[in-house]
Amino acid sequence: MPAAVQRLCILGSTGSIGVSTLDVVARHPDRLSVYALSAHSRIESLAAQAAAHAARVVIVPDDAARRRFLAAWPAGRALPEIRQGAQALADTAADPEVTAVMAAIVGAAGLPGALAAARAGKRVLLANKEALVAAGSLFMQAVRDAGAELLPIDSEHNAIFQCLPQSADRARAPAQPAPGVRRLLLTASGGPFRCTALDELEHVTPEQACAHPNWRMGRKISVDSATMLNKGLEVIEAHWLFAMPLERIQVVIHPQSVVHSMVEYTDGSILAQLGQPDMRTPIAFGLGYPDRIDSGVGLLELTRLGRLDFEPPDLRRFPCLRLSLDALKQGQGACITLNAANEVAVDGFLHGRIRYTQISAIIERCLGDSVRSGVYAPASLEEVLDLDAHTRRLATSYCQAALG
Ligand code: NAD
Ligand code: MG
């Protein structure tokens, strides 16, 4: 029986994940169609995407973006409905016309849309890891309550999902670790500064930090990969996705980025998923699930690889990884603080306002403040966003102080 056509809402369609998603979609007109696309700044790209994929709806942030969209729209083509503002992202994710939502906005800004998709019982393809870091328990509960389907797109979590027992309910937010599983082994490339002398890190530039050895990604996640805060976010993400306690998640440095992650079983078996470092593989997995569909990714020639290396991470080199593990131990409030402080600090670094080594220092200060003020565990989206906004103000003042 042919699979039903998925009608997709792609939140963040102009980003790295969004563009890769549309690349896969274009290969499968028989089973994938675009209903809605959203963008925040690259509005001309959004217009080109919407025209090429015959999107019915686009979401832009404000009036100025709406005017840019109209100016860029090709004459003679039927105009899509233009929705506007942050609330439209959540409303469209929950739109009855939509069957699957790709959550690919970067940062905590992606949380309301991803959560709305879960609450509406959609198939959620989750690239936006910050949603789980900031609101893991809320998000997973929403998936369970609404009977949504949650498919991890982050390559490590997608690899783990593929290596877990093939139970029928594994996309339904399990509340217990899968039976027979001892540990999850999350691989990390170590980023561009894996071998840089420690005393040189103070002087590295945004361009160096964004030059990832294996993956082409947006600038924020590229800096997170350099600091390994990204792997910290991914440990928290794995904790929520697979109901796995922190002590049963191990980070392993694997510079080649060929083994995307592994599941270790109680009988001593380790299952791994291997592939090219190309996000179209996990994206195609999510779009086709449970079928396997063509992603456009080339073959992995094992005989040309030569070797695969593995080593433990050095927490002195990567203080952001240590801070993330501490935040998960402290609880949900600390994880929100970690994420928000990092978003502000990374933006400060990318715009030349602070040095690379000040990213971890600013996060540590914000986490210290949150411990002193006894941060609570937020129980609603509003409380999560309040604490997120509070931390952003604090981190912004620390960035300004770092300037002086
Ligand atoms: P990107 O910066 O390339 O794209 C971000 C997208 O989000 C853009 O479409 C942008 O318009 C939109 N956006 C940015 N700020 C917004 C806001 N305030 N409101 C609404 N929309 C906004 O980022 P990316 O690399 O595609 O990453 C997207 C998400 O996927 C991130 O959460 C990242 O951690 C995750 N992810 C990315 C990769 C990768 O290979 N790029 C891999 C794994 C996970
Ligand atoms: Mg990843």
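Visitor: Which residues is S324 in contact with, leaving aside its neighbours within four places in sequence?

Guide: In this predicted model, S324 is in contact with L229, G232, L233, I236 and L338. Contact here means that heavy atoms come within 4.5 Å. S324 itself sits in helix α13, residues 319-330.

Visitor: How far apart are the C-alpha atoms of S324 and L233?

Guide: They are separated by 6.7 Å, although the two residues are 91 places apart along the chain.

Visitor: Why is S324 called buried?

Guide: The relative accessible area of S324 is 0%, and the cut-off for buried is under 20%. S324 falls under that limit, so it counts as buried.

Visitor: What makes I221 partly exposed?

Guide: Its relative accessible area is 22%. Buried requires under 20% and exposed requires over 50%, so 22% puts I221 in between, as partly exposed. I221 belongs to helix α9, residues 219-227.

Visitor: What is I221 in contact with, leaving aside its neighbours within four places in sequence?

Guide: K129 and N230. As for A168, its C-alpha atom is separated from that of I221 by 32 Å, with their positions 53 residues apart along the chain.

Visitor: Is N230 buried or exposed?

Guide: Buried. N230 has a relative accessible area of 7%, which is under the 20% limit. N230 is placed in helix α10, and not counting residues up to four places away in sequence, N230 touches K129, I221, D224 and S225.

Visitor: How do you know that the magnesium ion (ligand 2) is coordinated, and by which residues?

Guide: Look at the distances: D154 (OD), E156 (OE) and E234 (OE) lie at 2.1 to 2.2 Å from the ion. A donor must be an N, O or S atom within 2.8 Å of this metal, so these three residues qualify as donors. Water is not among the atoms, so the site may look incomplete.

Visitor: How are the donor residues of the magnesium ion spaced in sequence?

Guide: The pattern is D-x1-E-x77-E. D154 lies in the loop between β7 (149-152) and α7 (155-163), while E234 is in helix α10 (residues 229-241), so this pair ties together parts that are 80 residues apart in sequence.

Visitor: What makes D154 buried?

Guide: D154 has a relative accessible area of 7%. For E234 the value is 1%. Both values are under 20%, so both residues count as buried.

Visitor: Why is α7 called mostly covered?

Guide: Nine of the nine residues of α7 are buried, and each residue gets that label by having under 20% relative accessible area. Among them are the magnesium donor E156 as well as H157, F161 and C163. The buried residues of α7 pack against β7, β8 (181-188), α10, β10 (259-265), β11 (270-274) and α11 (280-288).

Visitor: How many residues surround ligand 1, and which are the closest?

Guide: There are 22, and the closest are T14, S16, I17, H40 and E130. The shell divides into ten nonpolar, nine polar and three charged residues.

Visitor: What lies 2.9 Å from an oxygen atom of ligand 1?

Guide: A backbone N or O atom of H40. A polar contact is a pair of N or O atoms within 3.5 Å, so the H40 pair qualifies as one. Polar backbone atoms of V106 and of A127 are each 3.5 Å from an oxygen atom of the ligand. Taken alone, ligand 1 exposes 830 Å², of which the protein buries 88%. The elements giving two or more residues to the shell are α1 (16-26) and α6 (129-146).

Visitor: Why is a positive phi worth pointing out in a residue that is not glycine?

Guide: Most residues other than glycine have a negative phi, so a positive one goes against the usual pattern. M228 has a phi of about 70 degrees and S257 one of about 50 degrees. M228 is in the loop between α9 and α10, and S257 in the loop between β9 (249-253) and β10. With relative accessibility of 2% for M228 and 6% for S257, both are buried.

Visitor: Which peptide bond is cis, with omega near 5 degrees?

Guide: The bond from Y289 to P290. P290 lies in the loop between α11 and α12 (302-305). Most peptide bonds are trans.

Note on methods. Residues are numbered from 1 along each chain as its sequence is written. Chains are lettered from A and ligands numbered from 1 in the order in which they are written. This is a predicted model: local features need pLDDT of at least 70, side-chain atom pairs count only at pLDDT 80 or more; totals for chains, interfaces and linings use all residues. Side-chain values use heavy atoms; hydrogens and water are left out. Donors are N, O and S atoms within 2.8 Å of the metal (3.2 Å for Na, K and Ca); water is not among the atoms, so sites may look incomplete. Helices (H or I, at least four residues) and strands (E, at least two) are DSSP runs, numbered from the N terminus. Buried means under 20% relative accessible area, exposed over 50%, partly exposed in between (1.4 Å probe, protein chains only). A residue is near a molecule or strand if one of its heavy atoms lies within 4 Å of it. A polar contact is a pair of N or O atoms within 3.5 Å; within protein, one must be able to donate a hydrogen and the other to accept it, and residues adjacent in sequence count only if both atoms are side-chain atoms. Accessible areas come from the Shrake-Rupley method with a 1.4 Å probe; for residues, only the protein chains shown count as cover. Ala, Val, Leu, Ile, Met, Phe, Trp, Tyr, Cys and Pro count as nonpolar, Asp, Glu, Lys and Arg as charged, and the others, Gly among them, as polar.
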